Every structure is written in C-alpha cells, then in structure tokens.
Amino acid sequence: MQSLAPSLPPVRADAPEEIPVLDLGAYLAGEPGALQQLGAELRRAFEQIGFYFIVNHGVPQSLVDAAFAEAARFHAQPLEAKLAVKIDESLVGYLPVRGSTTRHSQINRDNKPNVNEAFFSRRDVNKWPANLPGFRETVVAYQAAMEKLGKSLLPIYATALDLPADHFDALFAEPSYTLRMSHYPQHDAPADNEFGLAPHTDTSFMTLLAQNKIPGLSIRLPTGRWVDAPAIDGAFLVNGGDLLRRWTNDRFLATPHRVANRSGKERYAIPFFFDCGAGVSMECLPTCREDGQPPRYEPITYAAYMDWYRQMNYGQAKDRSGVSLSAY
Ligand SMILES: O=C(O)CCC(=O)C(=O)O
Ligand SMILES: [Fe+2]
C-alpha cells in the first residue's frame with residue numbers, strides 16, 4: 001500500500017530549542033492586535049519547533065482534573081469490563097496494553113508493542129462503559145470544551161499562514177475529533193526499543209495535551225535532540241501532526257515524540273486530536289506553495305487519510321493479536 005506518512009522531518013542544527021508559550025488571555029478577551037501577535041508567535045512555533053504551550057485558555061482546571069480522574073477510573077476496572085468495549089474498525093473503545101504497534105511511523109521502524117492501554121471516544125461514534133456512572137457526562141463535557149478551544153485557535157492558525165482569519169472556520173464547522181484516555185503502567189525496565197508509546201508523529205491537524213503531573217513525554221526537537229517535555233501548570237501543550245504538515249505543504253512541522261513511564265507511578269494522559277470535517281479536501285494552502293512549484297502532496301480528506309491509517313495499523317494485525325493502532 002502506498003504510504004501516506006510524510007518522510008522524516010529534516011534535522012536543523014541551528015533551530016531554537018525552547019517551546020514557546022502563547023498567552024491567549026488578551027485574544028480571548030477580544031483585545032485589538034492580540035490575534036496578529038499570536039499569529040506571528042504561532043508561525044514561529046510551527047516553522048521552528050512544532051510544539052507550543054497555551055496558557056489562559058479558559059478551560060477550567062476542575063474539568064481537566066475530572067477528565068484525568070475518569071481516565072484512572074476507567075482503567076481501574078477489571079480487564080473483562082474494559083474488553084466489553086474493545087476497540088474495532090470504528091477506532092472507538094478500549095485498546096489493551098501491548099495491543100498496538102506504531103506502524104504508520106517512519107521515525108522508529110522496528111517498534112515493539114506499546115506499553116499503554118487506552119480508551120478512545122470520537123465525535124461521531126461511541127461505546128460507553130456500562131458500569132461507570134458519570135463517565136460519559138464528564139468525557140462529553142471535556143470533549144465539548146476541547147472542541148471549543150480548538151475552534152478558538154483556528155483564526156490564529158489562519159493568521160499565522162497569512163490567510164483571512166476565518167479561513168478554517170467553515171472547514172471545521174463539523175470537526176472530527178478523538179479523545180484518547182491513556183494509562184501507562186509503571187515501566188521501569190523496558191526491553192530494548194520498548195516504549196509506553198513508541199516514537200511517532202500524530203496524524204492530527206492539532207493535538208491538545210493537558211498538562212501531566214507525571215513526566216514521561218519526550219520530544220525530538222528539530223535539532224535532532226530528544227528532550228523531556230517541560231511542564232507548565234495548567235497549560236495545554238499543543239502540536240501539529242501529519243495532516244497539518246501535509247495541508248501546509250511541509251511549512252509547519254509535525255514533530256516526533258514518545259512516551260516512557262519511568263516515574264515509578266501510574267501515568268494517565270488525555271490527548272485530544274482535532275481535525276477538520278471528515279469530507280473536507282485538504283488541498284495545499286495557497287500561502288504554502290513556492291512560486292511555480294507543484295504542491296508536494298495530493299489533496300486528501302480526513303476520511304481517506306484515516307482509512308489508510310486504519311489499514312496500516314489495524315488491517316495487518318487482525319489475524320494476530322487483534323487490533324493494532326497507536327497514535328492519532
Ligand atoms: O502521553 C502523552 O503525554 C502523549 C501521548 C501521545 O503522544 C499520543 O497519544 O499521541
Ligand atoms: Fe502523540
């Protein structure tokens with residue numbers, strides 16, 4: 001099958017290594033000039049690093065804490081309760097520990113199965129656990145807050161790309177999204193090349209990752225150096241994946257990252273993957289083409305990209321341990 005995975009991002013020895021912090025306060029308050037300033041900051045972040053933090057984003061910490069608590073509560077259930085909502089081709093439900101191998105990635109080819117378990121929910125289809133009262137309500141509330149936050153960032157992306165501020169709005173009117181509630185068990189003595197989540201780039205347009213109290217995430221900076229992700233209380237760490245990179249004709253980076261839980265504690269994570277409407281054609285953006293050069297990629301829809309992703313990560317493993325997929 002033809003690979004839709006972009007090639008490895010280039011190493012740039014002189015790239016900056018500090019992950020920028022974008023303060024949304026003035027922008028969300030509607031202050032004049034704030035959008036332009038954030039647009040410039042976002043452009044730098046995506047052309048040079050591929051990750052940024054947001055602070056003063058308006059999402060209550062109590063909701064973030066509640067979502068983390070539900071992730072812990074879900075995974076504390078007996079295995080058989082979790083398997084009752086086992087993941088299938090819809091990419092929704094429970095994925096067991098070592099139930100996935102990152103196969104769509106060019107970062108680290110011979111990956112071992114990932115030492116994490118996860119529960120996936122999406123905007124359009126869902127499977128809810130039977131005996132966890134309140135779980136669904138909290139997950140739905142968190143997803144709604146993340147959808148709102150993701151949408152509020154779109155004018156900053158458009159501005160960063162020298163497009164009219166509302167360029168993405170209609171394309172994300174009915175966005176695609178996935179919430180992944182992951183549990184990384186303690187994993188102090190990993191086998192060679194074994195990770196909680198193997199090195200990968202996300203597939204997403206935008207990943208919103210709530211700040212984790214437990215370390216474990218590392219990022220391969222464009223300089224080629226792996227660094228532990230810094231922590232900022234109450235922030236979201238945001239990155240772009242392969243679809244953002246593709247849509248921007250490689251102008252914006254999709255930066256690889258990985259997870260290893262050596263903390264001696266259980267680790268949970270609740271990344272939210274945010275994409276445009278499933279049928280929207282992501283065609284090279286007009287401000288991302290070099291004069292006279294054809295775009296590097298064919299236009300593609302989210303639905304078509306996810307079909308490929310499902311084949312890569314699910315199709316090949318069906319006859320073995322079952323489902324195989326990892327990052328979005
Ligand atoms: O666990 C984390 O901190 C990040 C997870 C991640 O990269 C992913 O699920 O794609
Ligand atoms: Fe990721």
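In this predicted model, helices H3 and H5 lie oblique to each other, because the angle between them is neither under 35 degrees, nor over 145, nor within 65 to 115. The angle at which they pack is about 135°, and their axes are 9 Å apart. H3 is made of residues 61–75, and H5 of residues 135–160. Their crossing is left-handed.

The residues that make this contact can be found on both helices. H3 contributes Leu63, Ala66, Ala67, Glu70, Arg73 and Phe74, while H5 contributes Phe135, Thr138, Val139, Ala141, Tyr142 and Ala145. Sorted by class, nine of the residues in the contact are nonpolar, one is polar and two are charged.

Further along the chain, H5 is followed by a loop that leads to strand E5, which spans residues 176–184. Asp166 sits in this loop. Is Asp166 buried or exposed? A residue counts as exposed if 12 or fewer other C-beta atoms lie within 10 Å of its own. Asp166 has 10 such neighbours, so Asp166 is exposed. Leaving aside residues up to four places away in sequence, Asp166 touches Pro155 and Ala158. Phe53 is 113 residues from Asp166 along the chain, and the C-alpha atoms of the two are separated by 22 Å.

The last region to look at comes from a record. An unreviewed UniProt entry annotates residues 175–276 as "domain: Fe2OG dioxygenase". Over this stretch the chain is 6% helix and 38% strand. The C-alpha atoms at the ends of residues 175–276 are 5 Å apart.

Methods: Residues are numbered from 1 along each chain as its sequence is written. Chains are lettered from A and ligands numbered from 1 in the order in which they are written. This is a predicted model: local features need pLDDT of at least 70, side-chain atom pairs count only at pLDDT 80 or more; totals for chains, interfaces and linings use all residues. Axes are lines fitted to C-alpha atoms, for helices over the stretch in contact, and angles run from 0 to 180 degrees between N-to-C directions. Helices (H or I, at least four residues) and strands (E, at least two) are DSSP runs, numbered from the N terminus. A crossing is left-handed if the near helix is turned anticlockwise from the far one by less than a right angle, and right-handed if clockwise. Two residues are in contact if their C-beta atoms, placed from the backbone, lie within 7 Å. Ala, Val, Leu, Ile, Met, Phe, Trp, Tyr, Cys and Pro count as nonpolar, Asp, Glu, Lys and Arg as charged, and the others, Gly among them, as polar. A residue is buried if 20 or more other C-beta atoms lie within 10 Å of its own, exposed if 12 or fewer, and partly exposed in between; C-beta atoms are placed from the backbone. UniProt positions are given in the numbering used here, feature names are shortened, and annotations may be inferred rather than shown by experiment.
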